[in-house]
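Subject: A structure for you to look at

Hello,

Here is the structure I promised to pass on. Please open it next to this email, and then read on for what turned up in it.

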Amino acid sequence: MIRSYLNYLFVLITLLMPMNLWAQFAITPEPLLETCAITVDYTNSSATNTVEYRNTGTGTWKNAFPLVWDPNSSKFTGSIVNLEEETDYDVRVTFFVGGSQNQQSTSTFSTWVKTENLPVG
């Protein structure tokens, strides 16, 4: 009886919750002193997204500008700005298809350390 109930529950969850919700995509951060370029290999160009970031280990996520589709690379790209130098960050990107959350992934990065002899060009 319990086994059949668990099988039924698993089938019900599988049908109601799309499997790709658990799938993750790669986030490629490219940090500088106070900014970080973000590239995501999510291929549905019509999807919308949110980008959030926080200092690693804190609970408060801040909103960044959404990523935009780059048809040349077939990836989503964007930047997070106004960061603190020499700081560790978490970034979370969530994609939505048809208004429903489709996939979410997180990554970490560290902004650069400023040196006194930084060349000006």
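One open sheet has four strands in the order 4-3-7-8, paired antiparallel. A strand here is a DSSP run of E at least two residues long, numbered from the N terminus, and two strands pair if DSSP finds at least two bridges between them. At the edges of this sheet lie strand 4 (62-64) and strand 8 (100-110), each pairing on one side only. Its neighbouring strands are turned by 25° against each other on average, with direction ignored; the axes behind such angles are lines fitted to C-alpha atoms, and angles run from 0 to 180 degrees between N-to-C directions.

Before going further, please keep in mind that this is a predicted model, where local features need pLDDT of at least 70, side-chain atom pairs count only at pLDDT 80 or more, and totals for chains, interfaces and linings use all residues. Residues are numbered from 1 along each chain as its sequence is written, and side-chain values use heavy atoms, leaving out hydrogens and water.

How many bridges pair strand 3 with strand 4? Three, in the antiparallel sense, with strand 3 covering residues 48-55. Look for Tyr 53, which stands opposite Lys 62 in strand 4.

Another open sheet of four strands has the order 1-2-6-5, also with antiparallel pairing. Its edge strands are strand 1 (27-31) and strand 5 (68-70), each paired on one side only. The twist from one strand to the next averages 30°.

Strand 1 runs antiparallel to strand 2 (residues 36-40), and five bridges join them. There, Pro 31 stands opposite Cys 36 in strand 2.

Best wishes
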